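Let's take a walk through a protein structure together, going from the overall layout down to single residues. Take a moment to turn the picture around before you read on.

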There are 2 protein chains.
Amino acid sequence: MSLTYGGIDLGGTKIQAIVLDAGGAQVLGSSRRPTPTQGGPKAIVEAMAGALREAAAEAGQPLETLDAVGVGSPGDVDPDTGSVANARNLSGWEGSFQLAAVLSEQVGAKVRVGNDVDVATLAELKLGAGKEAGSLLGVFWGTGVGGGLVLDGELWRGRDGAGEIGHMVVKRKGARCPCGRRGCMEAYAGRKAMEQRARREVERGQKTMLFEIMRERGRDSLSSGVWARALEHGDSLAQRLVDRAVKALGAGVASAVNLLDVELVVIGGGLGTRFGDQMSSRIAEAMRPHLFNDHRPPDVRVAQLGDLGGAIGATLLCGSVAGAQIPVAAERSR
Amino acid sequence: MSLTYGGIDLGGTKIQAIVLDAGGAQVLGSSRRPTPTQGGPKAIVEAMAGALREAAAEAGQPLETLDAVGVGSPGDVDPDTGSVANARNLSGWEGSFQLAAVLSEQVGAKVRVGNDVDVATLAELKLGAGKEAGSLLGVFWGTGVGGGLVLDGELWRGRDGAGEIGHMVVKRKGARCPCGRRGCMEAYAGRKAMEQRARREVERGQKTMLFEIMRERGRDSLSSGVWARALEHGDSLAQRLVDRAVKALGAGVASAVNLLDVELVVIGGGLGTRFGDQMSSRIAEAMRPHLFNDHRPPDVRVAQLGDLGGAIGATLLCGSVAGAQIPVAAERSR
């Protein structure tokens, strides 16, 4: 009988859990809930266990029967101990917390923790849009802009801080980034920065449906769905800010490609998967004027695993504790 | 008896040749001459052979006794055949030319050809500033700004077009680059772009000693030495344009480090080696406001092999035809 793995993508706004049949790489159940904004790591881990329990119920498998659980987490992850520190976009998680140990007690299975962007990148490489690629750059376009690098079939982590594509400079002395620096790609393209800019423009009298749509949906911030809906309605501020984001992504991703000459760029993240193929074509077009080897641009594709990619990627961590690797879908062609 | 290798760095303005004792990695002789601007590849190869003959004479070894010759070349290099195409900064070298075969006839030894930036980067890794490094970014700051990448002890070439760090965007919609694009790092930091800017400012009435120093030295363009002398004299235009270049390098190199998190940045090239330690410290300082992991910046060092680095690096290609690898100076610590 095939092994069954749990996968959890721990995000700043939501927790996505899945249960996956390791033999066929099939999602058997899934559940999502908001990330608690109070109660610190303890409350967050309880919500993670709860989401995984629901996913297991949907899969018709009690939580206790999972063979292993993988987690993709923000912050500084120690993959050996499963502790996570400095997860600053999670409430009360500035210090170090034994995520693997505490979650393991609650779900009754061994838990492995990896970097969220890395596992999502690996998922696209092994099971998604990057199955044929030897080198790829994952661009996770959401609240911020994260990057995952696969070179020669392997993740490149540098000194454990690689992939900060959102903080590549696209405009020296440019806009202030949520990170505090100036001119970062994320200062134009990150959903948080886009919302800050939209709020400032509204204060100055700019008309927009963005915040009306937000309220109708019972949100308190501009989610990817809110941006998508505003674009559908032809909202001019939304169009202008998305256009600005796409141009920044074009410059920043092209810069990365000029440096690395990867075969493939995969656009994921909340905004990336929500906007889909049409927007990835626009990003490819925005890259073109900046590509040095413009006769041979890389492929630019939307993340195929959509917003389950992080959780599916997290299950790829399970093989090392449960023994069975999830089969990758195709031989790598290099 | 130890083998003796020839190394030639083929540049847009000069040809640097050396003769190297492969056993001790010692330079026995060296010679430099301007790159012919007429006569196409044939004239250039004759000048290369001539420079190597002079270096051999200085080494007290007839050209015919060299065991192998390595060449670092611009353009599209085919390392298997030794042909070079599209070397656009060399006169009349748009098409493909059998560099290895033709030079081999003239020097009476086997010839291997590699990419100029790659061999200079490898030289710094194996014999120069990068001996302890597992990952490094070579930044060759001269007429243009070239990049060489070593990741996990190996050159990263992508699809053979990696390392175009000079064309990373530091200012969207910014200055026009000699490559025709806008806002590239090279548009601010490349010597060619700096000279174009200086000439425009002089046309607009700006005072400077740059062109006076150039004429005194019998030059027709602003060499690295001319820039260095003008700085020594406190020339305000030179100071301003070098400052602008350093800021662009700071943003561009920091962007590359944010993406790759390399251990070490080595600053080489004509301007990089001419300006030396003081300027590499200024570049490190200019990187700092843009570094995401600013608590752990990479080391930034001047290329240790100076302007012989390219030619020394070229000799590293010889081992594959002559049998004896040049010993690297230290075990890699990773």
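Two residues are in contact if their C-beta atoms, placed from the backbone, lie within 7 Å. Please also keep in mind that this is a predicted model.

With that idea of contact, look at how chain A is divided. The domain assignment gives domain 1, made of residues 4–120 + 308–322, and domain 2, made of residues 132–304. The C-alpha centres of these two domains of chain A are 25 Å apart. Where they touch, five residues of domain 1 of chain A are in contact with 10 residues of domain 2 of chain A. On the domain 1 side, helix H3 (residues 116–127) of chain A gives the largest share, three residues. Sorted by class, the residues on that side of domain 1 of chain A are two nonpolar, two polar and one charged.

Now step back and view chain A as a whole. Chain A has 11 helices and 12 strands, and its C-alpha atoms fill a box of roughly 55 × 45 × 35 Å along the principal axes. Is chain A compact or not, and why? A compact globule of 334 residues would have a radius of gyration near 20 Å, and the 19 Å of chain A agrees with that. Of the 334 residues in chain A, 56% are buried. The fold also brings together distant parts of the sequence: among contacts between residues at least 6 apart in sequence, 63% join residues at least 24 apart.

Next, find the place where the two chains meet. Chain A and chain B each bring 35 residues to the contact. On the chain A side, strand S9 (145–151) and helix H8 (236–260) are the elements that give two or more residues. The largest share, eight residues, comes from H8(A). By class, the side of chain A that touches chain B has 16 nonpolar, 10 polar and nine charged residues.

Helix H8 (residues 236–260) of chain B is a good place to try a small calculation. At 1.5 Å a residue, its 25 residues should span 36 Å, and its end C-alpha atoms are indeed 36 Å apart, so the two values agree. H8(B) is mostly covered, with 19 of its 25 residues buried. Right after H8(B) comes B:Asp261, which has a positive phi near 50 degrees.

You can repeat the calculation on helix H1 (residues 40–59) of chain A. Its 20 residues should span 28 Å, and the end C-alpha atoms are 29 Å apart, which agrees. Buried residues of H1(A) include A:Ile44, A:Val45, A:Met48 and A:Leu52. An α-helix has 3.6 residues a turn, so residues three or four places apart point the same way. Among the elements that cover the buried residues of H1(A) are strand S1 (4–10), strand S4 (68–73) and helix H2 (99–107) of chain A. Just after H1(A), A:Gly60 takes a positive phi of about 70 degrees.

One residue from that helix leads us to the interior. The largest nonpolar core has 236 residues, and those with the most contacts inside it are A:Met48, A:Val69 and B:Met48. In soluble globular proteins, nonpolar side chains tend to be buried together. Beyond its close sequence neighbours, A:Val69 is in contact with residues including A:Ile8, A:Leu52, A:Leu103 and A:Cys318.

What about a charged residue such as B:Asp116: is it buried or exposed? B:Asp116 counts as buried because it has 25 C-beta neighbours inside 10 Å. B:Asp116 lies in helix H3 (residues 116–127) of chain B, and its contacts further along the sequence include B:Asp9, B:Ser73 and B:Gly310.

Compare A:Ala303, which sits in a loop between strand S12 (299–302) and helix H10 (309–315) of chain A. A:Ala303 is buried, with 28 other C-beta atoms within 10 Å. Its contacts include A:Glu124, A:Val266 and A:Thr273.

Finally, visit the loop between strand S10 (154–155) and helix H4 (186–189) of chain A, where you will find A:Asp160. Most residues other than glycine have a negative phi. A:Asp160, which is not a glycine, has a positive phi of about 80 degrees. With 13 C-beta neighbours inside 10 Å, A:Asp160 counts as partly exposed. A:Lys173 is found in the loop between S10 and H4 of chain A and has a positive phi of about 65 degrees. A:Lys173 counts as exposed, because it has 10 C-beta neighbours inside 10 Å.

Methods: Residues are numbered from 1 along each chain as its sequence is written. Chains are lettered from A and ligands numbered from 1 in the order in which they are written. Helices (H or I, at least four residues) and strands (E, at least two) are DSSP runs, numbered from the N terminus. The radius of gyration is taken over C-alpha atoms; the globule rule is 2.2 Å times the number of residues to the power 0.38. A residue is buried if 20 or more other C-beta atoms lie within 10 Å of its own, exposed if 12 or fewer, and partly exposed in between; C-beta atoms are placed from the backbone. Domain bounds come from an automatic or database domain assignment. Ala, Val, Leu, Ile, Met, Phe, Trp, Tyr, Cys and Pro count as nonpolar, Asp, Glu, Lys and Arg as charged, and the others, Gly among them, as polar. The expected span of a helix is 1.5 Å times one less than its number of residues. A nonpolar core is a set of buried Ala, Val, Leu, Ile, Met, Phe, Trp, Tyr and Cys residues joined through C-beta atoms within 7 Å.
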